[in-house]
Amino acid sequence: MVPPSGFTARLTLFVSGAMAFLTVFALALSLASGRLADRWADELARSATLRISAPSGQLAAQTKVALTILEQTPGVASARALSVEEQAALLAPWFGLDLPLDDLPIPQLIEIIAADPGYDVRGLTLRLSTEVPGAVLDDHTRWREPLVAAANSLRRLGWISIGLLGGAMAAMITLAAQSSLAANAQVIEVLRLVGARDRYIAGAFVRRFTIRALIGAAVGVVIGMAGVLLMPAASDEGGFLTGLGFQGWGWLLPLLIPTLGGVVAFIATWLAARSTLRELA
């Protein structure tokens, strides 16, 4: 009763496949953004920087006092003063590789790694201000919060995109189903004359469009997962531009997309069939 080929068949297969393909990448973006937000929150929450600004004759002495204080502070796992080469590497992107650090009043940086559950930031700041006047403690809060918020926004954007893709797929399948029903108006009229009920007629269209959506979505998911596999792996050099694939159990989530696509097609086709059959009555 429902034509196995034609414009509506190709449209349903293409739309379901394209939407499933895009959903795979939206899902990968959302999961990767969540991992990125968690990593940034954890790494920046555990690290801090102590900056010591003092005359060249006092810088070494103040650095030694600061390191002693940090070693005595509960909750500090480790603290080390950055070498001249490390500080030059930090400044190289802005001032070049030939920066004469010996001729410039560059402050001494100390890297602090917090233990679990951490240290008293306020108490440490007060003690440093008393014993090391040129020390400024930066716990990275002002850097951590915007970065984590941005990563969480990307995660929400991924889920919103998945919702929009599902809505677009439902709309396109609804139009395809209505077009197919309208094109088969004479067949539907004959079926009614021989005693077929609208529920039976609608069920035939629902089955055909649901199967088409399942097939198209399955093909789209396979191509999408292949594309995700070809993406570069996570690396420190690439930052958030790499590692946008799935990890661990995340590879199982795309397998749910064809099923969800079939559910969307089932509901959309059923609603379209009921509406169109009432108009053809």
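In this predicted model, a nonpolar patch lies on the surface, formed by Leu13, Ile211, Ile215, Val219 and Ile223. Together these residues have about 430 Å² of accessible area. Helix H7, which spans residues 198-229, gives the most to the patch. Its share is four residues. Ile223 is found in H7. The relative accessible area of Ile223 is 48%. Ile223 therefore counts as partly exposed, since that class lies between 20% and 50%. In soluble globular proteins, by contrast, nonpolar side chains tend to be buried together.

Buried nonpolar residues also appear in this chain. The largest nonpolar core holds 22 residues. Within this core, Ile173 and Ile201 touch the most other members. Five elements are listed as giving two or more residues to the core: helix H1 (7-46), helix H5 (141-183), helix H6 (185-193), H7 and helix H8 (257-280). H5 gives the most, with six residues. Another core lies apart from this one and has 17 residues. Leu50, Leu124, Val132 and Ala135 are among them. H7 thus takes part both in the surface patch and in the largest core.

The chain as a whole contains eight helices and four strands. Read along the sequence, their order is α-β-α-β-α-β-α-β-α-α-α-α. The radius of gyration is 31 Å. The globule rule gives 19 Å for 281 residues. The chain value is well over that figure, so the chain is more spread out than a compact globule. Along the principal axes, the C-alpha atoms fill a box of roughly 105 × 40 × 30 Å.

Burial and contacts were also computed for the whole chain. Of the 281 residues, 38% count as buried. The accessible surface comes to about 16200 Å². Carbon and sulfur atoms account for 65% of that surface. Among contacts with a separation of 6 or more, 84% are between residues 24 or more positions apart.

Thr63 gives a local view of burial. Thr63 sits in helix H2, which covers residues 56-72. The relative accessible area of Thr63 is 9%. This value is under the 20% cut-off, so Thr63 is buried. Neighbours within four places in sequence were left aside in the list of contacts. On that basis, Thr63 is in contact with Ile52, Ala81, Gln108 and Ile110. Thr63 is thus a buried residue, whereas Ile223 in H7 is partly exposed.

Notes
Residues numbered from 1 in each chain as written. Predicted model: local features only at pLDDT ≥ 70, side-chain atom pairs only at ≥ 80, totals over all residues. Heavy atoms only, no water. Patch = residues over 30% accessible without salt bridge, like charges linked within 9 Å, V, L, I, M, F, W, Y side chains within 5 Å. Areas by Shrake-Rupley, 256 points an atom, 1.4 Å probe, with all protein chains shown as cover. Salt bridge = Lys/Arg side-chain N within 4 Å of Asp/Glu carboxyl O. Buried < 20%, exposed > 50% of the residue type's maximum accessible area, 1.4 Å probe, protein only. Core = buried A, V, L, I, M, F, W, Y, C linked by side-chain atoms within 4.5 Å. Rg over C-alpha atoms; globule rule 2.2 N^0.38 Å. Contact = heavy atoms within 4.5 Å.
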